[in-house]
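Reader: I have a structure to go through with you. Can we take it piece by piece?

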Amino acid sequence: MDYPVLPHEDARLKALHDLKILDTEPDERLDAITKAAQAYFDCKICLISLIAEDRQWFKSRQCLDKTETPRNVSFCTYAIAEEEYLIVPDATQDNRFAGSPLVKGEPFIRAYAGMILKSPDGYELGTLCIIYDAPRTFSDQDINVLRDLGKQIEEITFQHLR
């Protein structure tokens with residue numbers, strides 16, 4: 001599966017690495033947000049995903065054992081190429097994802113919503129995402145709640161840079 005690469009990919013990756021967050025221990029404050037999001041949205045999986053060179057790594061994860069997946073199968077890689085978020089109501093009907101091993105096999109992703117998490121200087125580092133194993137639509141209220149939770153994550157994650 002090919003995936004989009006941002007025109008400012010080198011600067012984006014530098015911003016991610018400057019955070020020194022990849023492969024760090026879980027953060028209770030971030031885990032509290034993903035647990036709350038999972039409960040609010042009643043979703044199968046909730047993640048804080050950071051997109052590195054060749055992988056997506058999960059800073060926080062609910063109901064997923066893996067700590068990372070290859071970037072080339074990542075929904076979040078597509079999300080960071082959007083303006084603010086990515087909504088996929090039914091991955092089996094989306095040409096970008098229908099053939100993905102994450103759709104055809106575990107965790108059998110059907111619906112996805114990912115809100116972009118940005119560095120203080122505006123680089124797209126990853127997402128807060130919610131994942132379902134059945135198709136689902138997302139309301140404006142859903143998007144607003146994801147946006148608010150994303151802002152909380154950015155504040156916690158980047159507060160040491162201020």
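Author: The questions below concern a predicted model.

Reader: Start with the strands. Which residue in β6 is the bridge partner of L50?

Author: β1 covers residues 45-51. Six bridges join β1 to β6, and the two strands run antiparallel. Within β6, L50 has as its bridge partner G126.

Reader: How many residues of β6 are buried?

Author: Strand β6 spans residues 124-132. Buried means under 20% relative accessible area. By that cut-off the strand is mostly covered, and the count of buried residues is nine of nine.

Reader: β6 also pairs with β5. Which residue in the hairpin of β5 and β6 takes a positive phi?

Author: Eight bridges join these antiparallel strands. One pair of opposite residues is I116 and T127, the latter in β6. Five residues lie between the strands of the hairpin, and the residue with a phi near 95° is G122.

Reader: Now β4. Which residues make up its covered face?

Author: Strand β4 runs over residues 85-88 and has two faces. Y85 and I87 are on the uncovered one. The covered face is made of L86 and V88.

Reader: And which residue of β5 stands opposite V88?

Author: β4 and β5 pair in the antiparallel sense, over four bridges. β5 takes in residues 111-118. Opposite V88 stands Y112.

Reader: Let us turn to the rings. Is the pair of F75 and Y112 stacked, edge-to-face or tilted?

Author: The structure holds five aromatic pairs. In the pair of F75 and Y112, the ring centres are 5.2 Å apart. Planes under 30 degrees apart count as stacked and over 60 as edge-to-face. The planes here are at 40°, so the pair is tilted.

Reader: How many residues apart in sequence are the parts that this pair ties together?

Author: F75 is buried at 2% relative accessibility. Y112 is buried too, at 1%. F75 lies in helix α3 and Y112 in strand β5, so the pair ties together parts whose separation in sequence is 37 residues.

Reader: Which residues form one aromatic cluster?

Author: Both rings of that pair belong to the cluster. Its full membership is F75, Y78, F97 and Y112.

Reader: On to L16. Is L16 buried or exposed?

Author: L16 is placed in helix α1, residues 9-18. Outside its neighbours within four places in sequence, its contacts are I21, L22, L50, I51, A52 and L125. Its relative accessible area is 0%, so L16 is buried.

Reader: What separates the C-alpha atoms of L16 and G126?

Author: Along the chain the two residues are 110 residues apart. In space, their C-alpha atoms are separated by 9.1 Å.

Reader: Next, the empty space. Which element gives the most to the lining of the largest cavity?

Author: The structure holds one cavity of 30 Å³ or more. About 60 Å³ of space lies in the largest cavity. β1 and α5 (140-158) each supply at least two lining residues. With four residues, the element that gives the most is α5.

Reader: How many residues in the lining of the largest cavity are charged?

Author: The lining residues include L19, I21, L30, I48 and L50, as well as K59 and E154. By class, eight are nonpolar and one is polar. The charged residues number two.

Reader: What about the largest pocket: how many of its lining residues are nonpolar?

Author: About 190 Å³ of space lies in the largest pocket. Of its 19 lining residues, the closest to the centre are L64, T69, L102, P107 and I109. β1, β2 (55-62) and α3 (75-79) each supply at least two. Three are polar and three charged, while the nonpolar count is 13.

Reader: Now the backbone. Which peptide bond is cis?

Author: Most peptide bonds are trans. P107 sits in the loop between α4 (101-104) and β5. With omega near 5°, the cis bond is the one from E106 to P107.

Reader: What is the phi of F108 near?

Author: F108 also lies in the loop between α4 and β5. Its relative accessible area is 32%, so F108 is partly exposed. Its phi is positive, in a residue other than glycine, and is near 55°.

Reader: And is C63 buried or exposed?

Author: C63 lies in the loop between β2 and β3 (68-70). Its phi is positive, near 65°. Over 50% counts as exposed. C63 has 57% relative accessibility, so C63 is exposed.

Conventions:
Residues numbered from 1 in each chain as written. Predicted model: local features only at pLDDT ≥ 70, side-chain atom pairs only at ≥ 80, totals over all residues. Heavy atoms only, no water. 1 Å grid on protein atoms, 1.4 Å probe; cavity = no way out; pocket = protein on both sides within 12 Å on 5 of 7 lines; lining within 4 Å. Points joined across faces, edges and corners; volume = space filled by probe spheres on them. Nonpolar A, V, L, I, M, F, W, Y, C, P; charged D, E, K, R; others polar. Buried < 20%, exposed > 50% of the residue type's maximum accessible area, 1.4 Å probe, protein only. Pairing = 2+ DSSP bridges. Contact = heavy atoms within 4.5 Å. Phe/Tyr/Trp six-rings, centres within 6.5 Å; stacked < 30°, edge-to-face > 60°.
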